[in-house]
2 protein chains.
Amino acid sequence: MTDAETTRETTVGELSEGQILRGILDRLPPSTAPVGPGDDAAVLAVPDGRVVATTDTLVHGPDFRLAWSSPFDLGFKSAAVNLADVAAMGARPIALLVALAMPESTPVSFVRGFADGLAAACAELAPGCAVEGGDLTVSDTLTIAVTALGSLDGREPVRRSGARAGDGVYVIGELGLAARGLEVLFGRFTDAQGAPLPVTDDTRAALSAVDALALSRQLAPRPPLAEALRAADAGATAMMDVSDGLALDATRLADASGVTVAFDSATLGENPALALAGGEDHGFLVTFAPDAEPLGHRVGTVVPRGADAVTVDGRAWTGRAGWDPYRDWDAGRG
Amino acid sequence: MTDAETTRETTVGELSEGQILRGILDRLPPSTAPVGPGDDAAVLAVPDGRVVATTDTLVHGPDFRLAWSSPFDLGFKSAAVNLADVAAMGARPIALLVALAMPESTPVSFVRGFADGLAAACAELAPGCAVEGGDLTVSDTLTIAVTALGSLDGREPVRRSGARAGDGVYVIGELGLAARGLEVLFGRFTDAQGAPLPVTDDTRAALSAVDALALSRQLAPRPPLAEALRAADAGATAMMDVSDGLALDATRLADASGVTVAFDSATLGENPALALAGGEDHGFLVTFAPDAEPLGHRVGTVVPRGADAVTVDGRAWTGRAGWDPYRDWDAGRG
């Protein structure tokens, strides 16, 4: 954020932790848990005696840039990526715990917009899921660590390791759209030195319809959670959230299952390379036995394990596989 | 860490996320969960259909300094503070999720020491609890976000709101020792400009026995979890982890319960002001009805709500109440 923005209004450094917390909780849907926020820990109901739990962190710099992401988008995205991981196990998200580490100069309006984004993601993607706890602290680097918890409601968890030769390989959701949005950001919203330029309503309006959609999906992904749960009910043999790129995530599924995933490039849209390498769509990679009634869009077949974990049109995939934070971060900021 | 340390050995920036993760998981006790680390989310068993969940973040600068805390201490502390919050509800910790955001220059030995500290805290404080998931990412600011999950095993959760007039007020664990340790750090381990000086075996050896103990408790607190669970079984009416200072935490308990907590300074040791203001001991503040068989050390009585949430010897407490990260951080680093 710019100096002008931070000096104009109240910052979190001028308020107590309790005041900031009340400002967040007032914008969120009320707790439905046996014990919600405000005690040492929350108590959540998981009727079948099993809880699904996952955590994911967004860090300013490698994971987002404030010039590009609105506070609302950040709240939405930090909830969505964790909700998708819960749904990928075949579980219904029931609660988020949100740890927010912010510079003291962070405007209070950031916190409000962020809370609104969290609330919108819960309402749109996982109705009934609420923020049931969290933590606020000071940091030089804006950092958002979200834990999502879910209930299997009697379902067996859908693991990565269940794919078998002969299964069909399906994708539920979008492929490569978020990656196209990232290309739009780096191509249209950076200056000659590579520094990010602000995404505003005006600059968005200059984009083509598909670029505008891609940008919006990159900044606030819409994982199709309800379909992932239907896939679990339909007997999916394996399922994963596609977060780091289809080829890389399929490699993980193939390795866990001891099989090879054979993609057919003709099913991967206009830009198969982008579909295979692009991450952050947070759709779902699912396998179904031949006699199941599958959901999603068929992209390939599970075959016995060969030399490669993943093939495209029968050949090893030699393109860029996906995103690894410790290899791929170029330390660009903004 | 110094430049010399970071250039001598492999850093996390030279490894993939998977390599770093394997280096951590290999040092931790094996998962006992239905689905442990390695899938989109973990699946944990909570036989009575309720799960207790809490999250707490440690940030380099406000929460710790690498000159003072060893990687082992940091792993131990980041687990212990979260385990204490679970136990304060009357629950047995079953799992940790650990999100670690590190600069690329972080030595791999840091990650190994940190994992050893996590493992030691689980083994010592909460046997059977394991690290069942996590996240690694890059950040300019070393940040540790831990979520702890627990099982009530049929117990009712012990909330802050259950204290009633006539109950006795007890503390289980140490009071003011961690705060004394913080005084030792600022008094003995800073240079003339206030910059932190390294805590080493040699510099520790120069301390008195009680200062050395206080220092070690500040850097790696030992919350008495087993006693907190026994307090829940003994019918504690309210319980809290004492993390931000006894007076501040008692104020929260008093407000939640609609009562006043009346402390007797004669029960608060040699330095009642330090006992009331000093945080980070992660002992437990507990109330018991008069007919219960209490645990811990009696420090006062619950009385009907008066003008003040907390009194000491019948008067309002006017000393420093405790720690608030958005008011108290002086931006010192190290």
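The exercises below, each with a worked solution, concern a predicted model.

Residues are numbered from 1 along each chain as its sequence is written, and chains are lettered from A, with ligands numbered from 1, in the order in which they are written. In this predicted model, local features need pLDDT of at least 70 and side-chain atom pairs count only at pLDDT 80 or more, while totals for chains, interfaces and linings use all residues.

**Exercise 1. Chain contact**

Determine how many residues of chain B are in contact with chain A, and describe the chain B side by class.

Solution. Step 1: two residues are in contact if their C-beta atoms, placed from the backbone, lie within 7 Å. On this basis, 62 residues of chain B are in contact with 62 residues of chain A.

Step 2: helices (H or I, at least four residues) and strands (E, at least two) are DSSP runs, numbered from the N terminus. Strand β2 (residues 50-59) of chain B supplies nine residues, the largest share of the side of chain B that touches chain A.

Step 3: Ala, Val, Leu, Ile, Met, Phe, Trp, Tyr, Cys and Pro count as nonpolar, Asp, Glu, Lys and Arg as charged, and the others, Gly among them, as polar. The side of chain B that touches chain A has 33 nonpolar, 14 polar and 15 charged residues.

**Exercise 2. A sheet with strands from both chains**

Give the strand order of the open sheet that contains β1(A), and identify the strands at its edges.

Solution. Step 1: two strands pair if DSSP finds at least two bridges between them. The order of the five strands is β1(A)-β2(B)-β5(B)-β3(B)-β4(B), with mixed pairing.

Step 2: β1 of chain A and β4 (130-138) of chain B stand at the edges; each has a single partner strand, so one side of each is left without a neighbour in the sheet.

Step 3: axes are lines fitted to C-alpha atoms, for helices over the stretch in contact, and angles run from 0 to 180 degrees between N-to-C directions. With direction ignored, neighbouring strands of this sheet are turned by 20° against each other on average.

Step 4: strand β1 (residues 42-45) of chain A pairs with β2(B) in the antiparallel sense over four bridges; A:Val43 has B:Val52 as its bridge partner in β2(B). Antiparallel β2(B) and strand β5 (residues 143-151) of chain B are joined by nine bridges, and B:Ser151 in β5(B) is the bridge partner of B:Val51.

**Exercise 3. Helix packing in chain A**

Characterise the packing of α2(A) against α4(A).

Solution. Step 1: helix α2 (residues 17-25) and helix α4 (residues 108-125), both of chain A, pack at an angle of about 35°, and their axes are 8 Å apart.

Step 2: A:Ile20, A:Gly23 and A:Ile24 in α2(A) meet A:Val108, A:Val111, A:Arg112 and A:Ala115 in α4(A). Five residues of this contact are nonpolar, one is polar and one is charged.

**Exercise 4. Helix packing in chain B**

Are α3(B) and α8(B) roughly parallel or roughly antiparallel to each other?

Solution. Step 1: the axes of helix α3 (residues 71-87) and helix α8 (residues 225-233) of chain B come within 9 Å and cross at roughly 10°.

Step 2: angles under 35 degrees count as roughly parallel, over 145 as roughly antiparallel, 65 to 115 as roughly perpendicular and the rest as oblique. The helices α3(B) and α8(B) are therefore roughly parallel to each other.

Step 3: B:Leu83, B:Ala84 and B:Ala87 of α3(B) make the contact with B:Leu225, B:Ala228 and B:Leu229 of α8(B). This contact has six nonpolar, no polar and no charged residues.
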